[in-house]
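Subject: Handover of a structure and notes on its features

Dear colleague,

Please find below the structure that I am passing on to you. My notes on it follow directly after.

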Amino acid sequence: MQTVTLRPGRANDVETVLAALLRLGTDSGAHKEIKSMPEDLHRHGFGDKPAFSTLIAEVDDQFAGPCLHFPWPGSAELRAVPI
């Protein structure tokens, strides 16, 4: 039986995440649209003020795919609104 794990992304995952994004871009025909470099992912994902967070899926301890989450700018205000 395979073991599937989700874990937070780490700075040392940047090269693997970028490779996965480039593969996705190639498969979807949008590879020319991807301009990010490893330094961009480091800065915007793991810098002082991250613009996104990352989850990494692994199957039997092998990389299976990334999930990048870009928070909506107004989400902090929504948490303060009673529902």
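The count of cavities of 30 Å³ or more comes to one. Please bear in mind throughout that this is a predicted model.

The cavity

The volume of this largest cavity is about 40 Å³. Its lining consists of Asp 13, Val 14, Val 17, Leu 41, Phe 46, Phe 52 and Thr 54. Sorted by class, five of the lining residues are nonpolar, one is polar and one is charged. Two helices, α1 (14-28) and α2 (38-46), each contribute at least two residues to the lining.

The sheet

Three strands make up an open sheet, arranged in the order β1-β2-β3 with antiparallel pairing. At the edges are β1 (4-8) and β3 (62-69), each of which pairs on one side only. From one strand to the next, the twist averages 20 degrees. Helix α1 packs on this sheet and touches both β2 and β3, and its direction makes about 80 degrees with that of β3.

As general background, the strands of a sheet pair through backbone hydrogen bonds, in either a parallel or an antiparallel manner. Here, five bridges connect β1 and β2 in the antiparallel sense. Pro 8, for instance, has Leu 55 in β2 as its bridge partner. On the other side, β2 and β3 run antiparallel and are joined by seven bridges. Glu 58 has its bridge partner in β3, namely Phe 63. The hairpin formed by β2 and β3 has two residues between the strands, and within this hairpin Asp 60 adopts a positive phi near 50 degrees.

A residue in the central part of the discussion: Ala 57

Which strand holds Ala 57? Ala 57 belongs to β2, which covers residues 53-59. Leaving aside residues up to four places away in sequence, Ala 57 is in contact with Thr 5, Leu 6, Gln 62, Phe 63, Ala 64 and Gly 65. Thr 5 and Leu 6, among these contacts, fall within β1 (4-8), while Gln 62, Phe 63, Ala 64 and Gly 65 fall within β3 (62-69). The C-alpha atom of Ala 57 is separated by 7.1 Å from that of Val 4, although the two residues are 53 residues apart along the chain.

The aromatic pair

One aromatic pair is present in the structure. The pair is formed by Phe 52 and Phe 70 and is tilted, with 5.2 Å from centre to centre and 40 degrees between the planes. This pair links distant parts of the chain, 18 residues apart: Phe 52 sits in the loop between α2 and β2, and Phe 70 in the loop between β3 and α3 (75-79). Phe 52 also appears among the residues lining the largest cavity.

With kind regards

Methods
Residues are numbered from 1 along each chain as its sequence is written. This is a predicted model: local features need pLDDT of at least 70, side-chain atom pairs count only at pLDDT 80 or more; totals for chains, interfaces and linings use all residues. Side-chain values use heavy atoms; hydrogens and water are left out. On a 1 Å grid over the protein atoms alone, a cavity is a set of points where a 1.4 Å probe fits but cannot get out, and a pocket is an open set with protein on both sides within 12 Å along at least five of seven lines; lining residues have an atom within 4 Å of a point. Grid points are joined across faces, edges and corners, and a volume is the space filled by probe spheres set on the points. Helices (H or I, at least four residues) and strands (E, at least two) are DSSP runs, numbered from the N terminus. Ala, Val, Leu, Ile, Met, Phe, Trp, Tyr, Cys and Pro count as nonpolar, Asp, Glu, Lys and Arg as charged, and the others, Gly among them, as polar. Contact means heavy atoms within 4.5 Å. Two strands pair if DSSP finds at least two bridges between them. Axes are lines fitted to C-alpha atoms, for helices over the stretch in contact, and angles run from 0 to 180 degrees between N-to-C directions. Rings of Phe, Tyr and Trp (its six-membered ring) pair if their centres lie within 6.5 Å; planes under 30 degrees apart count as stacked, over 60 as edge-to-face and the rest as tilted.
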